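Here are my notes after a pass through the model, as numbered points. Have it open beside you while you read.

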Amino acid sequence: MDQKKTQSSSSSVTVSEPKTNIVELGTLSSNQMESLTALCDTFLPSIHLNSYGDHHHQEANNINDSFTKFLYTSASMNGTPQHIAWMINNRLQHPKLNLCKLALWLLSTRIGTLILCGKASISNQFPYLQKFSKISPNKREEIVKSWATSCFKLIRILFCAAKILVFLVFFTQVNEVSQNPSWKALGYSGPDPDFKKEKQENSNMDCKEKDDQPFGPLYEGIISLKDSQKIIFHRLQGLGFSVSKPLSFKNTRRSTESPAFIIECDAVVVGSGSGGGVIAGIVANSGHKVLVLEKGSYLARTNLSLLEGTSMDQMYLGSGLLITADMDVMLLAGSTVGGGSTINWAASIQTPQHVLKEWSESYNLELFGSEFYKGAMKIVCDKMGVQSEIEDEGFQNMILRKGCQELGYPVETVPRNAPSGHYCGWCSMGCKDGRKQGTAETWLVDLVKSGNGAILPECEALEVIHEKKNDNSGKSKAVGVAFAFQNYDGVRQIGMVKSKVTIVACGALSTPSLLKRSGLKNPNIGRNLHLHPVVIAWGYFPDSQPMSNEIWPKAGKKSYEGGIITAVSKVVANFKGSGYGAILQTPGLHPGMFSALMPWVSGLDIKMRMSKYSRTAYIFALARDKGSGEAFSPYSVTYKLDKTDEENLKLGLEKTLRILAAAGAEEIGTQHTKGRSLKVKEASLKEFERFVKEESSIGIGKHSVPICSAHQMGSCRMGVDPTTSVVNSKGETWEVEGLFLGDSSVFPTALGVNPMVTIQSISYCTAQSVLQVLKNQKSE
């Protein structure tokens, strides 16, 4: 690919993305860039064939041209440092970001390098102190490896941040033809080959021959705020919304920002995911004018890229780079029209019975013991076309299922909101054909077809506007939402929606900060956050067996293809006991995330691990966590793993290692920083048992093993007491009348399974409460 151009001066380096992605420029000092480049090349150096030792002799015999090029290509040869510099200046938001920049500066000085690298950085020749970039590559590798297990937390944080960024960028960046130079060596196709072919065929057809909805079914209801005001007003008014420009405007909380226009409607919904999408569709279908504000953009079907890096940047909160304040839990959350339902893995599991019992009896929430809630679950599952048939199971789920069957562990088929023939491993980047029935293919379609709703993408809610009621209750009433957007000139403007009812459904990471910005004082807002922490084990299943004609899974199967979650084991779930345990499932990991989670012990080792990518199965343990954290901002999340959760995850890791071995893995391991693995077929039973025991006994936390979270919940929990909860059983906030919450933040506890059906079911019930409020207001 074209190398990014770097303009040097005595003080700074200006970095831009490749020509294919023209963006604003950012700056890091030339000294920081020198340190960053050396660090990138330490993680991913240029390796020549004579670097192979005896340990890799067998692999060396099987190399090909693409693998040779992969070994030879260093991070800097691929332009990775420039990409990271751009991301630091344009994408990353984290409380430790300035410390990382400071570390890069320290590494550009001799004294700073001594502080961060210790005596290993000292040379036996003058000058004895060296800056990081001048240390020999082998010594740099030893130093960086030591950071992973440093007794100093900030050093471990530096290692985690650097490793994640370098690998994510290197394995996801693409050239002008959407290819990455490493993918062929990894056995990775890039975007779905069938999708690329269909997209090309569609572009060559006459308009009449094309799919009626090549860009998705919502375009008639999407109103871009980048259009001229005349077009925006015309479209909104055509849908029955009242739009006006304010002559004067008073807002005690934002008195300096007068809105460019005011839209009036019955209900405004902030967020379009599994909660907001359901409520918006139901309310609009009942004849009320509904406006949906969505922070993300609308990407569907042929408008998708199915490129990992591009999709993370366009469709995930924080460009897919969210991580807790101490960098110990990686967080993935959707930020696009359809929210998490657009980029999730299609698992559609109903609220478990033991959870319903706990919420209804221990938390006195009668809703969850009612027939009404059971009916809501059936309605949302029917709406999404949830079914449990599988025509062709994917690589990883085959392995999970077989391993469980061999060991006598329970294994079940996971219901999905996709048809039985939906064999696609790119669901985390959107659905290429609309067969995965997220809210953008169901409830939001109802909104658009009703003629009563519109969706405004790429606008960010600033605050919920509320006014004191003229009574002695001390409560206030929601009257709308102020939001920010960029107009057609790229200028930031403020808009306002005046509404009879306001629904906030931004997700468990973002809803609390919006409520706080809006002046709500409830101390429970942002607390009691649960993350469903995940830890992962892996097994390698080669596609060639020198001593056997039998290859399983068959050679054509790839780890990244097929339904992402079609099987689950509850062998350590403890559903019939305390209800707190761990379920075992498989993830959808493309090269960027796969590499970011893999342990790093050397540049050669990580390239060897990555060369096995397409035949490496991942199985994870997901805990229903008792531990909790706080989310006062999506960019500053704290979390503490409970001891019980840690033990459940360890037990889950033990079972996953056994499952992988029983399914026939040649090699197994975990993501622990030491990077140990076991060649199963060469090990004795005693060696196998010792390895499994040791790997599953290592403490989880303090950056010893990557922890991930794709489910966040509970940060504005539902309850019957305003001193311990944020909303009542109807989903309405205790503080502000007419303000409802409709997302996973209202969960009273962690759920323990994939949450989409539960979010939609609760939101369906909340929608009925919203309709009742609108009905009451109309009668008044």
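1. Let's start with the exposed side of helix H7: Asn138 and Glu142 are exposed there. Keep in mind throughout that this is a predicted model. Facing the other way on H7 (residues 137-147) are its buried residues, Arg140, Ile143, Val144 and Trp147. Those four span an arc of only 95° around the axis, so they sit on the same side of H7.

2. What do the buried residues of H7 pack against? Their partners are three helices: H1 (30-43), H6 (110-117) and H8 (153-172).

3. Phe43 belongs to H1, and with 0% relative accessibility it counts as buried. Setting aside neighbours within four places in sequence, Phe43 is in contact with Val144, Phe159, Ala162, Lys163, Val166, Phe167, Trp600, Gly603 and Ile606. Val144 is one of the buried residues of H7, so you can tie this point back to the packing of H7 against H1. As for Ala555, it is 512 residues from Phe43 in sequence, and the C-alpha to C-alpha distance is 31 Å.

4. Have a look at Leu49 as well, in the loop between H1 and helix H2 (57-60). Buried or partly exposed? Its relative accessibility is 41%, so Leu49 counts as partly exposed. Leu71 is 22 residues away from Leu49 in sequence, with 8.0 Å between the two C-alpha atoms.

5. Now the nonpolar cores. In soluble globular proteins, nonpolar side chains tend to be buried together. The largest core here has 191 residues, and the members that touch the most others are Trp147, Leu218, Leu291 and Leu293. H8 supplies the largest share of this core, 14 residues. There is also a second, separate core of 46 residues, with Ala333, Leu400, Leu657 and Ala665 among its members.

6. Strand E6 (residues 290-293) deserves a close look. In a regular strand the side chains alternate between the two faces of the sheet. In E6, Val290 and Val292 point one way while Leu291 and Leu293 point the other way, and all are buried. Leaving out residues up to four places away in sequence, Leu291 touches Leu236, Phe241, Ile263, Cys265, Ala267, Val268, Val269, Ala454, Leu456 and Val497.

7. Which strands does E6 pair with? One is E5 (residues 261-270), which pairs with E6 in the parallel sense over 4 bridges; Val270 stands opposite Leu293 there. Another is E10 (residues 453-456), which runs parallel to E6 and is joined to it by 4 bridges. On that side the bridge partner of Leu291 is Ala454, a residue that Leu291 also touches. As for the connection, E5, helix H12 (residues 276-285) and E6 form a right-handed β-α-β unit.

8. Last, an arginine to check. Arg609 lies in helix H21 (residues 603-611), and at 10% relative accessibility it counts as buried, since the cut-off is under 20%. What does its side chain make a polar contact with? The partner is the side chain of Asp605, at 2.6 Å. Beyond neighbours within four places in sequence, Arg609 is in contact with Trp538, Met598, Pro599 and Gly675.

How values were computed. Residues numbered from 1 in each chain as written. Predicted model: local features only at pLDDT ≥ 70, side-chain atom pairs only at ≥ 80, totals over all residues. Heavy atoms only, no water. Buried < 20%, exposed > 50% of the residue type's maximum accessible area, 1.4 Å probe, protein only. Helix = DSSP H or I, 4+ residues; strand = E, 2+ residues; numbered from the N terminus. Arc of directions from axis to C-beta. Contact = heavy atoms within 4.5 Å. Polar contact = N/O pair within 3.5 Å; in protein donor to acceptor, adjacent residues only side chain to side chain. Core = buried A, V, L, I, M, F, W, Y, C linked by side-chain atoms within 4.5 Å. Pairing = 2+ DSSP bridges. Right-handed = clockwise from strand over helix to strand, strands pointing away.
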